[in-house]
Structure formats: structure tokens, C-alpha cells
Amino acid sequence: MARLTADVWVSAYLTRLRLVDIPAFIVKKGDATAGAVLVKLNTLDGKAKAFQREFNLMEDRREWRVLCEGDERDVDASLMKQRSFDPDLWIIEVEDRQGRTLLDEPGLSE
């Protein structure tokens, strides 16, 4: 099964968020073709959560998992560390007090 390039997936994700009035922006632009994407959820109360996609071998599919969560400062430090390991990495920040990311919706969860 063909996968979307990173830049196409990010563009579609930002559009879906915009359609439901959830603010989001690109913190770090990665490789357009194959860069991994991390999503940071900022709940605007000093807390945050970062998600990464992983491959679930048991179910033969990709899914979003929590990379780290807690004080926003700590999550940002973890993301900076990830950036140092992977220069092709994309980081998207979503700002939503309700904690919505839409990552569990069809088309985004795979």
C-alpha cells in the first residue's frame, strides 16, 4: 500500500484541524518525502503531550502512541532531543484546551 509523503500528510492534517477550528502550526519542517512526524498537543494550561506514529506488528498497521507527556517545558525538551537525532523530523503543534488532536480519526490514524 502506498504511503503519503510527509508534506502531503501534514498539509491534509492541518486542513482537517482548521476545518474544526483547532489551531495548529508547523514548529519544524522536516523532509518533504519521508520525514517522520511528531504531534505536540498543547492544552494551554502548562501541560502538553507528544505523539509519534509506530508500526503495530500484531495488527499490521501504523498507529499513534504517546511519546511523552507532562509539563510543557519537559515535553519541549524531549522534542528538542528528538530533533537532534533526526534532522528530517517534522513537529506539528496543536493548541486545544479540550485535548483534541483528531489523530484517532480515519485517514489520520493510519
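Read along the sequence, the chain of this predicted model follows the pattern α-β-β-β-β-α-β, which amounts to two helices and five strands. With the whole chain selected, its C-alpha atoms fill a box of roughly 40 × 35 × 30 Å along the principal axes. The radius of gyration is 13 Å, which agrees with the value near 13 Å that a compact globule of 110 residues would have. Of these 110 residues, 35% count as buried, and among contacts between residues at least 6 apart in sequence, 67% join residues that are at least 24 apart.

Select the strands next. The five strands form an open sheet of mixed pairing, and crossing it takes you through the order β1-β5-β2-β3-β4. At the edges stand β1 (24–28) and β4, each of which has a single partner strand, so one side of each is left without a neighbour in the sheet. From one strand to the next, the twist averages 25 degrees. To look at one edge in detail, show β1 together with strand β5 (residues 90–95), which pair in the antiparallel sense over four bridges; within this pairing, I26 stands opposite I92 in β5.

Now add the helices. Helix α1 lies across β1, β2 (37–42), β3 (47–56), β4 and β5, and it runs at about 5 degrees to β5. Helix α2 (residues 72–85) also lies across β1, β2, β3, β4 and β5, but its direction is at about 130 degrees to β4.

From here, move to the aromatic side chains, of which two pairs are counted. Begin with W9 and Y13, whose rings are stacked, with 4.9 Å from centre to centre and 25 degrees between the planes. The two residues are four apart in helix α1 (residues 6–19), and so they are separated by about one helical turn. Both ends of this pair can be checked for exposure: W9 is buried, with a relative accessible area of 4%, and Y13 is buried as well, with a relative accessible area of 0%.

Keep W9 selected and add W64. The ring centres of W9 and W64 are 5.6 Å apart and their planes stand at 35 degrees, so this pair is tilted. Here the partners come from distant parts of the chain, because W9 belongs to helix α1 while W64 belongs to strand β4 (residues 61–71), 55 residues apart. W64 has 13% relative accessibility and therefore counts as buried, the limit being under 20%. Taken together, the ring pairs link W9, Y13 and W64 into a cluster. One further side chain should be displayed at this site: the charged end of R53 sits over the ring of W9, at 5.0 Å from the ring centre.

The last stop is T33, in the loop between β1 and β2. Is T33 buried or exposed? Its relative accessible area is 54%, so T33 is exposed. Leaving aside neighbours within four places in sequence, T33 is in contact with T5 and A6. Selecting V8 as well shows another approach of this loop to the N-terminal part of the numbering: the C-alpha atoms of T33 and V8 are separated by 8.6 Å, although the two residues are 25 apart along the chain.

Terms used. Residues are numbered from 1 along each chain as its sequence is written. This is a predicted model: local features need pLDDT of at least 70, side-chain atom pairs count only at pLDDT 80 or more; totals for chains, interfaces and linings use all residues. Side-chain values use heavy atoms; hydrogens and water are left out. Rings of Phe, Tyr and Trp (its six-membered ring) pair if their centres lie within 6.5 Å; planes under 30 degrees apart count as stacked, over 60 as edge-to-face and the rest as tilted. Buried means under 20% relative accessible area, exposed over 50%, partly exposed in between (1.4 Å probe, protein chains only). A charge sits over a ring if NZ of Lys or CZ of Arg is within 6 Å of the ring centre and within 35 degrees of the ring normal. Two strands pair if DSSP finds at least two bridges between them. Axes are lines fitted to C-alpha atoms, for helices over the stretch in contact, and angles run from 0 to 180 degrees between N-to-C directions. Contact means heavy atoms within 4.5 Å. The radius of gyration is taken over C-alpha atoms; the globule rule is 2.2 Å times the number of residues to the power 0.38.
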